[in-house]
Amino acid sequence: IDSKSNGSDSKKLRVEDRMEAPPSRVLHIRKLPNETSESEVIALGLPFGKVTNILTLKGKNQAFLELGTEEAAITMINYYSTVTPHVRNVPVFIQYSNHKQLKTDSGNQRAQAVLQAVSAVQGGGTPTSGSIVDLTAASSPVLRIIIDNMFYPVTLDVLQQIFSKFGTVMKIITFTKNNQFQALLQFNDPPTAQQAKIALDGQNIYNSCCTLRIDYSKLVNLNVKYNNDKSRDYTRPELPAGDGQPAMDPNMAAAFQGKDSNSLLGKIPGSCRRPPPLSSVSPLNAAAAAAAAAGRVALSGHSGSSGVLLASNLNEEMVTPQSLFTLFGVYGDAQRVKILYNKKDSALIQMADANQAQLAMSHLNGQKMHGKAIRVALSKHTSVQLPRDGLDDQGLTKDFTNSPLHRFKKPGSKNFQNIFPPTTTLHLSNIPTDVTEEDLRLLFSNAGGTVNAFKFFQDHKMALLQMSTVEEAIQGLIDLHNYNMGDNHHLRVSFSKSTI
C-alpha cells in the first residue's frame with residue numbers, strides 16, 4: 001500500500017509526496033513510534049471530524065486513517081502542515097493517501113473494536129462490551145486530570161481550550177495535591193467525557209512536557225462556589241470571584257503582563273529541563289499556546305515564520321478586506337489584507353506577528369464564513385505588498401496599520417484574557433443606556449440568523465446574545481462590531497465562552 005512511501009523517506013520526498021497526492025479522506029501516517037496504539041492514531045483525527053476506518057502497519061510504523069469527509073481530511077492536513085503532530089513525543093508525518101477509501105479485512109478486529117467504541121461515543125451512544133479496557137463506558141461526566149512534568153504554567157483557561165474541542169465544558173476546579181497540579185473537569189454528559197479521555201490521556205500540552213493523565217472521577221457533579229482563576233462554572237457567569245481571591249494567580253498575571261517579545265512557543269526546547277522566565281510569556285503568545293493545546297499537539301517553534309496567513313475557499317461574491325480584517329482581528333491586530341486579483345476566493349492577511357497568525361489559524365481554519373468553510377494556513381509571504389502609487393486594484397488591498405479598531409495595541413488590555421474560538425454566544429459591550437433588548441435582537445436578526453437567547457449584565461452596558469449557529473454568530477460579529485448605536489457609541493462584539 002502506497003509503496004512509494006516508507007518510514008525511511010527523506011524530508012524532500014515527504015514534502016513532494018504531500019504535494020503530489022490529490023486530496024483524499026484517507027490519510028497516510030508514517031514514522032509512528034513502536035507499539036503505537038490504534039486509539040493514539042485515531043486521536044490525531046478526532047478534533048477534525050468523524051473517524052470512519054483505520055489500518056495500522058505495525059512492522060512499518062505506519063497507519064492509514066479514514067475520515068468521514070474529504071473536507072475534514074483537508075482541514076487536518078492544513079493544520080498539521082504548520083503544526084508538527086506528535087505521538088508519544090515523536091514527530092510523525094501525515095499526507096494524503098492514494099486510496100479514496102479503506103477496505104479492511106475481518107482480521108483487523110482490535111482496530112475495529114477501538115473504532116466502534118469511538119464511533120459510539122461520537123454518536124452519543126455507548127461502546128460495546130467487546131471494546132478494549134480503556135474504552136469501557138464512563139459512568140461520570142467528571143474527569144480527574146493530573147499534569148505531569150509541568151514546567152510551563154497550565155491555567156484553567158488552557159484546560160478549557162483543550163477539552164472544549166470534544167464538547168461543552170460545564171465546570172472546572174483546579175487544585176494542588178501531593179505537589180501536583182490537578183483538576184476536576186465536568187462535561188455535559190459521560191460519553192463526551194469518555195471521548196475526551198480516549199483522545200487526550202497521555203498527550204503533552206507543550207513539547208515534551210505538561211503531560212495529561214486522565215481518569216474518571218467518582219463525582220458526578222461539581223459544586224463550584226466562585227468564578228476565578230482556580231474554579232469556574234461556565235453555566236453560572238454571575239458567581240462571585242470570592243473573598244480575597246485574585247482574578248488571576250499573581251504569577252500568571254505577571255506572565256500575562258510581560259512585555260518581553262520572546263514567545264513561549266518559540267522558546268520551547270526539545271525537552272523541558274529549564275522553563276523560560278514567566279515574564280517572557282506575552283499575552284497573545286500564551287493564548288497561542290492554548291490554541292495549540294486545543295489541537296492536542298505540541299507546536300514546533302514558529303519564531304522564524306512570518307505573520308502572513310493565506311485564507312482560501314472564501315465566498316468571492318461577499319468577502320471584502322474589511323470583513324476579513326474584522327474577523328481575523330478577533331485574534332490579533334491585522335495590518336494589511338489583500339484579496340488576490342486572479343483568485344478572488346483567496347486572500348492574504350498580515351498579522352502583527354507570527355503568534356497572532358498562529359492563533360487566528362488555529363481558531364478560524366474550517367469555520368464557515370458567508371456559507372463556505374474557509375481554509376487558513378501560514379503563507380510563504382513575509383508581508384503583504386500595497387499596490388504601487390496610482391495603481392487601482394479595485395479596492396482588493398487595504399492597509400489597516402493605523403486602524404483604531406486594533407484590539408491588542410494597548411498593553412495589559414483585558415482583550416488579552418478574552419480570546420475564544422468562534423461560538424454561538426457573542427459578548428456585546430459599549431451599549432448605550434437607552435438601547436433595549438428588543439433593539440439588539442432586531443439588529444442581529446437583520447444581520448441574518450435567529451437570536452435564540454439574550455441576557456443583559458447588571459449595568460446594561462454589556463450583554464450576551466446567542467445565535468442559533470456559529471456561522472450566524474460569525475456573520476453578526478463581522479457586520480456589527482463597531483456598529484454606531486448613536487451618540488458615538490460604537491458596539492463592541494466578541495465571541496464568549498459563556499452560555500445563556
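pLDDT is the predictor's confidence in each residue, on a scale from 0 to 100. You'll need that here, since this is a predicted model.

**Exercise 1. Find out how confident the predictor is in the chain, and where its confidence drops.**

Solution. Start with the whole chain: its mean pLDDT is 77, and 74% of the residues reach 70 or more. Next, look for weak stretches. Residues 121-137 have pLDDT below 50, and that stretch makes 34 contacts in the model beyond near neighbours in sequence. Then go on to residues 244-304, where the pLDDT is again below 50; here the model has 134 contacts beyond near neighbours in sequence.

**Exercise 2. Decide whether Gln-95 is buried or exposed, and work out what surrounds it.**

Solution. First, place the residue: Gln-95 sits in strand 6, which covers residues 93-96. Now check its relative accessible area, which is 3%. The cut-off for buried is under 20%, so Gln-95 counts as buried. Then look at its side chain, which makes a polar contact of 2.6 Å with the side chain of Arg-30. Finally, try Pro-23: it is 72 residues away from Gln-95 along the chain, yet their C-alpha atoms are 9.0 Å apart.

**Exercise 3. Locate Lys-338 and list the residues it touches away from its sequence neighbours.**

Solution. Begin with the strand: Lys-338 belongs to strand 14, residues 336-339. Now skip anything within four places in sequence, and you get contacts with Ser-346, Ala-347, Leu-348, Val-384, Gln-385, Leu-396 and Thr-397. Last, zoom in on Gln-385: its backbone oxygen is 3.0 Å from a polar atom of the Lys-338 side chain.

How values were computed:
Residues numbered from 1 in each chain as written. Predicted model: local features only at pLDDT ≥ 70, side-chain atom pairs only at ≥ 80, totals over all residues. Heavy atoms only, no water. Contact = heavy atoms within 4.5 Å. Helix = DSSP H or I, 4+ residues; strand = E, 2+ residues; numbered from the N terminus. Polar contact = N/O pair within 3.5 Å; in protein donor to acceptor, adjacent residues only side chain to side chain. Buried < 20%, exposed > 50% of the residue type's maximum accessible area, 1.4 Å probe, protein only.
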